[in-house]
Amino acid sequence: MFNELALSTILALVAVSIHGFGLLSLGRGLEYYETRAGRSYVEGPLWGHAILTIAVVLGLFIIHGVEIWMYAAVYKLIGAVPDLREAVYFSSISYGSIGYSDVLMAPQWRLLGAIEGVAGAILLGWSVAFFVSVMTPFTSRRKHGLLHRNDP
C-alpha cells in the first residue's frame, strides 16, 4: 500500500504541475493575443470570440489529455493493466471520476486508480474555474451595456 500511496502522490504532484503550467500558458496566450491585437480579447467580432473560445477549450482538452496519458503510461509501465489501450481506457474513466470497474487494474494497484479519480475531479474543477474566468468578461460586457445592437 505504501508503494501505491507514494506513486499516486508523485503522479498527483506531476499532474498538478502540468495543469498549472498549462493554464498559465493559456492565460499567457490570451495576453499575447491582446498585445498583438492591441485590444482586449473580449473586444472584436463574434467570429473572433468563437475562435478564441474554441482555442481555449482545445487547450484544456490537450492539458487533460496529457495528464490522462501520463497516468496510462505509468499504469502500463508498472504492469497494472495488460496493454496500452486498457491503460488509456482505465485512466480516462478514472480521471473523469466516472469510474466503471477496477477489474482491469491489478489488485495491488487499484488504489492508484481511485486516487487518480480524486485528482482528476480537482483538475477538471480547476479547468472549469479557468474557463468561467475567461468567458465571464463576454457576459459582463453585455450586462453593462457595452455591446450595442450594431456591434459585430
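Biologist: Which residues is Glu 67 in contact with, leaving aside its neighbours within four places in sequence?

Modeller: Ala 15, Ile 18, His 19, Tyr 95 and Leu 123. Keep in mind that this is a predicted model. Glu 67 itself is found in helix H2, residues 46-77.

Biologist: What makes these pairs contacts?

Modeller: The cut-off is heavy atoms within 4.5 Å. The five partners of Glu 67 are those listed outside its neighbours within four places in sequence: Ala 15, Ile 18, His 19, Tyr 95 and Leu 123.

Biologist: How do you know whether Glu 67 has a salt bridge?

Modeller: A salt bridge needs a nitrogen of Lys or Arg within 4 Å of a carboxyl oxygen. The nearest side chain of opposite charge to Glu 67 is Arg 28, and Arg 28 is 17 Å away. So Glu 67 is without a salt bridge, and yet Glu 67 is buried.

Biologist: How many salt bridges does a search of the whole structure find?

Modeller: One. The side chains of Arg 28 and Glu 31 meet in it.

Biologist: Why is the pair of Arg 28 and Glu 31 called a salt bridge?

Modeller: Their N to O distance is 3.7 Å. The limit is 4 Å, so the pair qualifies. Both residues lie in helix H1, three residues apart, about one turn of the helix. An α-helix has 3.6 residues a turn, so residues three or four places apart point the same way.

Biologist: Is Arg 28 buried or exposed, and why?

Modeller: Exposed means over 50% relative accessible area. Arg 28 has 58%, so Arg 28 is exposed. Glu 31 has 44%, which puts Glu 31 in the partly exposed class.

Biologist: How do you know that the span of H1 agrees with its 36 residues?

Modeller: At 1.5 Å a residue, H1 should span 52 Å. The end C-alpha atoms of H1 are 52 Å apart, so the two values agree. H2 passes too: its 32 residues should span 46 Å, and its end C-alpha atoms are 46 Å apart. For H3, residues 84-95, the expected span is 16 Å and the end C-alpha atoms are 16 Å apart.

Biologist: What comes just after these three helices?

Modeller: Residues with positive phi. Gly 38 follows H1, with phi near 75 degrees. Gly 79 follows H2, also with a positive phi near 75 degrees. Just after H3, Ser 97 takes a positive phi of about 60 degrees.

Biologist: What caps the N-terminal end of H3?

Modeller: Asp 83. One of its side-chain oxygens lies 3.2 Å from the backbone nitrogen of Arg 85. The limit for a polar contact is 3.5 Å, so this pair falls within it.

Biologist: Which residues in the largest nonpolar core touch the most other members?

Modeller: The core has 20 residues, and Leu 11, Tyr 71, Tyr 75, Met 105, Trp 109 and Leu 112 touch the most other members. H1 (2-37), H2, H3 and H4 (110-143) each give two or more residues to this core. H2 gives the most, with six.

Biologist: What does Leu 11 touch, not counting residues up to four places away in sequence?

Modeller: Met 70, Tyr 71, Val 74 and Leu 112. Another core, of twelve residues, lies apart from the largest one; Leu 23, Leu 26, Leu 52 and Leu 60 are among its members. In soluble globular proteins, nonpolar side chains tend to be buried together.

Biologist: Why does Trp 126 count as it does at 36% relative accessibility?

Modeller: Buried is under 20% and exposed is over 50%. At 36%, Trp 126 falls in between, so Trp 126 counts as partly exposed. Trp 126 lies in helix H4. Its contacts beyond four places in sequence are Val 16, His 19, Gly 20 and Leu 23. Trp 126 and His 19 are 107 residues apart along the chain, but their C-alpha atoms are separated by 8.7 Å.

Biologist: What makes Val 103 buried or exposed?

Modeller: Its relative accessibility is 63%. The bar for exposed is over 50%, so Val 103 is exposed. The place of Val 103 is the loop between H3 and H4.

Biologist: What is the overall order of elements in the protein chain?

Modeller: The order from the N terminus is α-α-α-α. There are four helices and zero strands. Of the 152 residues, 35% are buried.

How values were computed
Residues are numbered from 1 along each chain as its sequence is written. This is a predicted model: local features need pLDDT of at least 70, side-chain atom pairs count only at pLDDT 80 or more; totals for chains, interfaces and linings use all residues. Side-chain values use heavy atoms; hydrogens and water are left out. Buried means under 20% relative accessible area, exposed over 50%, partly exposed in between (1.4 Å probe, protein chains only). Lys and Arg count as positive and Asp and Glu as negative; His and the chain ends are not counted. The expected span of a helix is 1.5 Å times one less than its number of residues. A polar contact is a pair of N or O atoms within 3.5 Å; within protein, one must be able to donate a hydrogen and the other to accept it, and residues adjacent in sequence count only if both atoms are side-chain atoms. A nonpolar core is a set of buried Ala, Val, Leu, Ile, Met, Phe, Trp, Tyr and Cys residues joined through side-chain atoms within 4.5 Å.
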